[in-house]
Amino acid sequence: MKITNVKVFVNCPDRNFVTVKIETDEGLFGLGDATLNGRELAVVAYLKEHIKPCLIGKDAHQIEDTWQYLYKGAYWRRGPITMTSIAGIDMALWDLKGKAAGMPVYQLLGGTSRSKIRVYGHANGQTISETLENLGRLIKEGYTAVRLQCAIPGLEGTYGTLGDKKDYLEMQSSRPLPPEQPWDTNKYLNFIPTLFKKAREEYGEEIQLLHDVHSRLTPIEASRLAKELEPYHLLFLEDPVPAENQSNYKIIRQHSTTPLAVGEVFNSIWDAKELIENHSIDYIRTAATHAGGITGLRKIIDFAGLHQIRTAPHGPPDISPIGHAAHAHLNIWANNFGIQEFVGFGGEKMATVFTHPLAYAEGHLYLNDLPGLGVSFNEQEAEKYPYKRSYLPVSRLEDGTLWDW
Ligand code: EZ4
Ligand code: CO
């Protein structure tokens, strides 16, 4: 099965997605997700200008060799642009192999370890009572785990809240320049424990709760938060500190038993190596789309499994249905799967462009047994929604200092 063409699409059916299509001389094609939020066109150029010419005529069955060829062959190792580009190709090749075999990708990985994929949802709000109302709604919808984010009194546009936007799609499709949002660590640290205290008072111990710090704290500040949240038994505290310096997490560990999760910005196993080896974390959140696809993430999953660390793949709206499907196949296969972040299937426009193999019921995702990844992409519909430049926000302290967003 020879590769005859590599097509790259960038469309905005409510938000931007980069989609790779690999065509072959046998008439089969494969689809991959190469969406890198806010830097989409760099990946498009990498794929079209630097990867495509190397793959025409190559054997589409050679997934591992192609991965190594693109990784080692670049000479310049790792990095989000390279690893997201490789991810798009890698997913498309797994999709193709599955279609050629007439099997879903999870069968090629080794079969299933479970029948369904537990997910956590997001309860966001401008106030504690609004956040807790949303938590109650999700519990009614069957969720067994929910992430709580709430606007900090006196701070507009806190991470995880929607402000005047009705949903993530509206928020993320219309940022012609990076919006700026204020940050104040002291206000945040004084407020968050109350949110979880009230959540436990109102909803009891059974519902599992999570929180995303979005890398805003120093190790000792994060240690204080993790310690103060201990009575509320979080499933995990996400991204308490940035992880370029992996030893940051060792410090938090010395102070608290709150489980820790990190990895959505990682692009290879090397970003997580010390964190995993030293057991500084409990959940690894790296996404297939940003870390070399199924081949890249599988290496991380297996390495984490050796250290009793479970997976919690990033599940934001800025990963396409192809990326979410790749996670579902890995999640249903991996023995050390933990939980999947899930914020819904997107809007009507997305549904006309992509169909996907997933169904939500009672706090879980179910994956069907279509061959390959099980996603379809409607090129004609996609063409109706051209790329729109859009950026993630940045944070600043009150005096103007640029902070982690
Ligand atoms: O900020 O996907 O846990 N989820 C998150 C996300 C990320 C965005 C970045 O593109 O932190 O909302
Ligand atoms: Co996050």
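Begin by selecting helix α7, residues 185–203, together with helix α8, residues 219–228, in this predicted model; their axes come within 9 Å of each other and cross at roughly 15 degrees. The two helices, α7 and α8, are therefore roughly parallel to each other, since an angle under 35 degrees counts as such. If you turn the view so that one helix lies in front of the other, you can follow how α7 passes α8 in a right-handed crossing. To see what fills this contact, show the side chains of Thr185, Tyr188, Leu189, Asn190, Ile192 and Pro193 on α7, and those of Glu221, Arg224, Leu225 and Glu228 on α8. Coloured by class, the contact of α7 with α8 shows five nonpolar, two polar and three charged residues.

Keep α8 selected and add helix α9, residues 248–255, whose axis comes within 8 Å of that of α8 and crosses it at roughly 35 degrees. Here too the crossing is right-handed, as α8 passes α9. On the α8 side, select Pro219, Ile220, Ala222, Ser223, Ala226 and Lys227, which meet Asn248, Ile251, Ile252 and His255 of α9. By class, this contact of α8 with α9 consists of six nonpolar, three polar and one charged residues.

Next, centre the view on the cobalt ion, ligand 2, and display the residues that donate to it. Which protein residues are the donors of this cobalt ion? They are Asp212, through OD, and Glu238 and Glu264, each through OE, and they lie 1.9 to 2.2 Å from the ion. Along the sequence, these donor residues follow the spacing D-x25-E-x25-E. Aspartate 212 belongs to strand β7, residues 208–212, while glutamate 264 sits in the loop between β9 (260–262) and α10 (269–277), so this pair ties together parts that are 52 residues apart in sequence. Why is the arrangement around the cobalt ion, ligand 2, irregular? The six donor atoms around it subtend angles of 24 to 179 degrees, which makes the arrangement irregular.

Finally, move to helix α1, residues 40–55, and helix α3, residues 80–101, where the axes come within 9 Å and cross at roughly 55 degrees. That angle makes α1 oblique to α3, and the crossing of the two is right-handed. Select Ala42, Val43, Tyr46, Leu47, Ile51 and Leu55 in α1, and you will find them meeting Ile81, Thr82, Thr84, Ser85, Ile86 and Ile89 in α3. Sorted by class, the contact of α1 with α3 has nine nonpolar residues, three polar ones and no charged ones.

Technical notes: Residues are numbered from 1 along each chain as its sequence is written. Chains are lettered from A and ligands numbered from 1 in the order in which they are written. This is a predicted model: local features need pLDDT of at least 70, side-chain atom pairs count only at pLDDT 80 or more; totals for chains, interfaces and linings use all residues. Side-chain values use heavy atoms; hydrogens and water are left out. Axes are lines fitted to C-alpha atoms, for helices over the stretch in contact, and angles run from 0 to 180 degrees between N-to-C directions. Helices (H or I, at least four residues) and strands (E, at least two) are DSSP runs, numbered from the N terminus. Angles under 35 degrees count as roughly parallel, over 145 as roughly antiparallel, 65 to 115 as roughly perpendicular and the rest as oblique. A crossing is left-handed if the near helix is turned anticlockwise from the far one by less than a right angle, and right-handed if clockwise. Contact means heavy atoms within 4.5 Å. Ala, Val, Leu, Ile, Met, Phe, Trp, Tyr, Cys and Pro count as nonpolar, Asp, Glu, Lys and Arg as charged, and the others, Gly among them, as polar. Donors are N, O and S atoms within 2.8 Å of the metal (3.2 Å for Na, K and Ca); water is not among the atoms, so sites may look incomplete. Four donors count as tetrahedral if all angles lie between 85 and 135 degrees; four count as square planar and six as octahedral if opposite donors are over 155 degrees apart and all others between 65 and 115; anything else is irregular.
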